Amino acid sequence: MAAAAAAEVEKMTTRKKKLVIDTDPGIDDAMAIFVALRSPEVELLGLTTIFGNVYTTLATRNALHLLEAVGRTDIPVAEGSHKATKLRIASFVHGSDGLGNQNFPPPTGKPVDQSAAAFLVEQANLYPGQVTVVALGPLTNLALAIELDPSFPKKIGQIVILGGAYSVNGNVNPAAEANIFGDPDAADIVFTSGADILAVGINITHQVVLSDADREKLEQSDSKYARYLSKILGLYYNYHRDAYFIEGVYLHDPATLLAAVDPSLMTYTEGVVRVQTVGITKGLTVFDTTKKRYGEITAWTGKPTVKVAVTVDAPAVVEMIMQRLTTDD
Ligand SMILES: O=c1[nH]cnc2c1ncn2[C@@H]1O[C@H](CO)[C@@H](O)[C@H]1O
């Protein structure tokens, strides 16, 4: 009996985290996908695609291409929604092909015959409470999954969101961060859905910088992941130099992926997040720390709380990313 219990404990502690990455690849998305593939703690169930850095069709093509580039065609790709209210594509950050204007040949594989939202609902039903979705683009697919199955928020294990700018300016405009701005209505649905949510904003990811020295190390590494990334990083570096006046690039997506793998890399505070969906502050994430009892009912009152990252061990995150990308399987 004791042995059986011990075996069960062993199974629990060695069980890999089941992840689905909802992604708009994207240069830092490529890094995040590769870090996931190099993470022994992770079982990658699939990729779902979304517009943002590129249109959804290209996101699907790039997701398939990235998996082919590193020999992981065993991982399914489900294509996501093509539409938000108004599409804004960040080709100025990632290039018109989304992968540093390298114009790679088209992938040979195809997405599964199922929408991203249906794939997400299916995985949540297959492994209730065990699937973590790492959402690296606008939250349209997740909002559609909730529409498809209102019990999705309770069945999904956790949703780790790269999205929002908490007490700092946005990166689209002073109000809004790109992923939330991409579909603010979807974001508000997801944030107030009651799912177990961990949000990582650009107040965190702007602390996680890949320096020029790190880039050189990547270039010197002969891991297939580092070799691939070295090809596509140039444009992303140029963008950061021009837009942010920094030598280095922000590791938004891989940092968020690692928060899903090891939440102890960040600290969090809990409260209610609502998203502004109209006007000049469209896409603004407004966080109520629930520290004050307001005199009247507000749009935040009684809404489910989420965890928002407030600090990050940035050197540890960068080191983990570098370690995983500069070694091979
Ligand atoms: O200046 C920008 N405008 C639009 N998108 C950006 C910018 N910088 C980075 N990203 C992309 O949006 C997410 C983080 O907000 C990341 O996925 C990043 O690749």
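For this talk, Ala, Val, Leu, Ile, Met, Phe, Trp, Tyr, Cys and Pro count as nonpolar, Asp, Glu, Lys and Arg as charged, and the others, Gly among them, as polar. With that in hand, let me turn to the structure, which is a predicted model, and begin at the ligand.

The ligand is surrounded by 15 residues, and the closest of these are Asp28, Ala90, Asn171, Ala178 and His252. Two elements, helix 8, residues 178-182, and helix 13, each give two or more residues to this shell. By class, the shell around the ligand consists of seven nonpolar, five polar and three charged residues.

Helix 13 is the element I would like to follow from here. How many of the residues of helix 13 are buried? The count is 10 of 10, so helix 13 is largely enclosed by the rest of the structure. The buried residues of helix 13 include His252 and Asp253 at the beginning of the list, and then Pro254, Ala255, Thr256, Leu257, Leu258, Ala259, Ala260 and Val261. His252, let me recall, is also among the closest residues to the ligand.

Two helices that pack against helix 13 deserve a description, and in general two packed helices are described by the angle between their axes and the distance between the axes. For helix 2, residues 27-37, and helix 13, residues 252-261, the angle is about 30° and the axes are 7 Å apart. Since angles under 35 degrees count as roughly parallel, helix 2 is roughly parallel to helix 13, and the crossing in which helix 2 passes helix 13 is right-handed. On the side of helix 2 the residues that meet helix 13 are Asp28, Asp29, Met31, Ala32, Val35 and Ala36, while helix 13 brings His252, Asp253, Pro254, Leu257 and Leu258 to the contact. Sorted by class, this contact of helix 2 with helix 13 holds seven nonpolar, one polar and three charged residues. Asp28 and His252, which take part in this contact, are both listed among the closest residues to the ligand.

The second partner is helix 14, residues 314-325, which packs with helix 13 at an angle of about 95°, with their axes 10 Å apart. Helix 13 and helix 14 are therefore roughly perpendicular to each other. Here Pro254, Ala255 and Leu258 of helix 13 make the contact with Val317, Met320 and Ile321 of helix 14, and the residues divide into six nonpolar, no polar and no charged. Pro254 and Leu258 of helix 13 thus appear in the contact with helix 14 and also in the contact with helix 2.

Let me go back to helix 2 and to the stretch of chain that leads into it. The peptide bond from Pro25 to Gly26 is cis, with omega near -5°, and Gly26 is found in the loop between strand 1, residues 17-23, and helix 2. Ile27 lies in helix 2, and Ile27 is buried because 24 other C-beta atoms are within 10 Å. Leaving aside neighbours within four places in sequence, Ile27 is in contact with His94, Leu99, Gly100, Ile232, Leu233 and Tyr236.

Now to helix 6, residues 140-148, where I picked out Ile146 and Leu142. Is Leu142 buried or exposed? Leu142 counts as buried, because it has 31 C-beta neighbours inside 10 Å. Not counting residues up to four places away in sequence, Leu142 touches Asp22, Leu120, Val133, Ala135, Ile159, Ala186 and Val190. Ile146 is likewise buried, with 23 other C-beta atoms within 10 Å, and its contacts, again setting aside neighbours within four places in sequence, are Phe152, Pro153, Ile189 and Ser193. Ile146 and Ala117 are 29 residues apart in sequence, with a C-alpha to C-alpha distance of 8.3 Å.

I will finish with two residues in loops whose backbone may catch your eye on the screen. Asn103, in the loop between helix 4, residues 91-94, and helix 5, residues 116-126, has a positive phi of about 45° although it is not a glycine. With 9 other C-beta atoms within 10 Å, Asn103 is exposed. Ser167, in the loop between strand 5, residues 158-162, and helix 8, also has a positive phi, near 65°, in a residue other than glycine. Ser167 is exposed as well, with 10 other C-beta atoms within 10 Å.

Key:
Residues are numbered from 1 along each chain as its sequence is written. This is a predicted model: local features need pLDDT of at least 70, side-chain atom pairs count only at pLDDT 80 or more; totals for chains, interfaces and linings use all residues. Helices (H or I, at least four residues) and strands (E, at least two) are DSSP runs, numbered from the N terminus. A residue is buried if 20 or more other C-beta atoms lie within 10 Å of its own, exposed if 12 or fewer, and partly exposed in between; C-beta atoms are placed from the backbone. Two residues are in contact if their C-beta atoms, placed from the backbone, lie within 7 Å. Axes are lines fitted to C-alpha atoms, for helices over the stretch in contact, and angles run from 0 to 180 degrees between N-to-C directions. Angles under 35 degrees count as roughly parallel, over 145 as roughly antiparallel, 65 to 115 as roughly perpendicular and the rest as oblique. A crossing is left-handed if the near helix is turned anticlockwise from the far one by less than a right angle, and right-handed if clockwise. A residue is near a molecule or strand if its C-beta atom, placed from the backbone, lies within 6 Å of it.
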